[in-house]
Amino acid sequence: MSGTIRTSAGDGTAENAARPRPDAHRALHWRVRPQRPGAAVLVLHGGEERNLARPGRLNLPLLRMHGFLRALRRATAGADIAIGTVRYRHRGWNDERADAARDALAALDELREELGGVPTVLVGHSMGGRAALRAGGHPNVTGVVALAPWCPAGEPCEHLAGRDVLMLHGDRDTVTPPADTHAFAARGRAAGARVCGYTVTGSGHAMLQRVTDWHRATTHLATAMLGLRDLPAETASALALPPGAPEALTLPLPRQPRRP
C-alpha cells in the first residue's frame with residue numbers, strides 16, 4: 001500500500017483475473033549493474049490493497065523511492081553493488097494472490113540466475129515492505145529494510161529466521177499501523193530473525209516529514225548489511241538483545257548526519 005488505501009477494480013474482471021501472466025514479463029529492472037557485482041540491493045515500492053490494473057507510466061509509489069535509489073547509488077559507487085527495482089504486474093496485493101510478493105520472488109530468481117548467489121538486501125516501502133518481508137526467505141536474501149511496512153495480523157515470519165530485519169515506521173502513520181509492525185517484529189524475533197525496530201518520530205506514511213533522515217538511515221542500514229560500513233551502534237546492540245527484549249523494537253530514529 002502507499003498513501004490512501006484504494007480497492008479499484010482496474011481491469012480486474014473475473015476473465016482478467018484468470019488470464020495467465022505473460023511469460024515475457026521481467027520482474028527485475030536494473031538501475032546499476034556492474035560487470036561483476038559482489039552483492040545487490042533490490043528496492044520495492046508501495047501499491048494498493050486490491051487492484052489488478054497494471055502500473056501506469058506515472059507511478060507515484062515508484063517515484064517516492066527515487067530518493068532512496070539516488071542515495072544508494074551514491075553510497076555504493078565503485079563498490080560493485082548492483083541496484084535494481086522490482087516491476088509489479090499489478091498495482092495491488094490482491095488478497096491470497098499476493099501479487100507483489102510473487103513478483104519480488106520472481107525478481108530474486110532472475111537475479112540469482114544472472115549473478116549467482118550474491119548476498120542481497122531488500123528495501124521495501126508499504127506494500128513493497130510486505131513483499132520484501134514475504135520474499136525474505138529467498139536463498140540470496142541476507143537482510144531486509146522495511147519502511148512503514150504493511151504487516152497485517154497473521155503475516156508469516158518464520159522464513160526470516162537467520163536474517164537481519166530492520167524496520168522503520170513513522171509514529172504518525174495512519175495507513176499502515178505502527179502497532180502492526182511492532183507486533184510482526186516481536187513475532188519475527190521469537191521465530192529466530194534478528195529484528196530491530198525504529199520509530200521515526202513526527203513522520204507519516206508517505207515519509208515526507210524527515211525525508212532526509214529516511215533516505216540516509218535506510219542507505220546506512222542497507223550498506224551496513226552488505227558489509228560496506230558498520231551498523232549504527234544502537235542497531236548492533238538491539239540485534240544482540242535476547243528475542244523477548246521489547247527495547248529492541250522501539251529505538252527512536254536519530255537525526256541522520258550527512259556522510260562525509
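Start with the charges: select the 33 positive and 24 negative side chains of the protein, whose mean positions are 6 Å apart. Positive means Lys and Arg, negative means Asp and Glu, and His and the chain ends are left out. Each charge is placed at NZ of Lys, CZ of Arg, CG of Asp or CD of Glu.

This is a predicted model, in which local features need pLDDT of at least 70 and side-chain atom pairs count only at pLDDT 80 or more, while totals for chains, interfaces and linings use all residues. Residues are numbered from 1 along each chain as its sequence is written, and side-chain values use heavy atoms, without hydrogens and water.

**Whole chain.** Show the cartoon: there are 8 helices and 8 strands. These are DSSP runs numbered from the N terminus, with helices (H or I) of at least four residues and strands (E) of at least two. The C-alpha trace spans about 55 × 40 × 35 Å along its principal axes. Of the 260 residues, 52% are buried, where buried means under 20% relative accessible area with a 1.4 Å probe, protein chains only.

**Sheet.** Select the 8 strands next. They form an open sheet of mixed pairing, in the order β1-β3-β2-β4-β5-β6-β7-β8; two strands pair if DSSP finds at least two bridges between them. At the edges are β1 (28-32) and β8 (251-252), each paired on one side only.

**Strand β3.** Select residues 81-86. In β3, 6 of the 6 residues are buried, so the strand is largely enclosed by the rest of the structure. I81, I83 and T85 point one way, and A82, G84 and V86 the other.

Now add the strands that pair with β3:

- β1 runs antiparallel to β3, joined by 4 bridges; look for W30 opposite G84.
- β2 runs parallel to β3, joined by 5 bridges; here V41 stands opposite I83.

**From β2 to β4.** Extend the selection to β2 (residues 39-44) and β4 (residues 120-125), which pair in the parallel sense over 5 bridges. V43 of this pair stands opposite V123 in β4.

**H138.** Finish in the loop between α5 (127-134) and β5 (141-147), where H138 lies. Is H138 buried or exposed? H138 is buried, at a relative accessible area of 6%. Display its contacts (heavy atoms within 4.5 Å): beyond residues up to four places away in sequence, H138 touches L105, L108, D109, R112 and R163. The C-alpha atoms of H138 and L108 are separated by 7.4 Å, with the two residues 30 apart along the chain.

Note on methods. Buried < 20%, exposed > 50% of the residue type's maximum accessible area, 1.4 Å probe, protein only.
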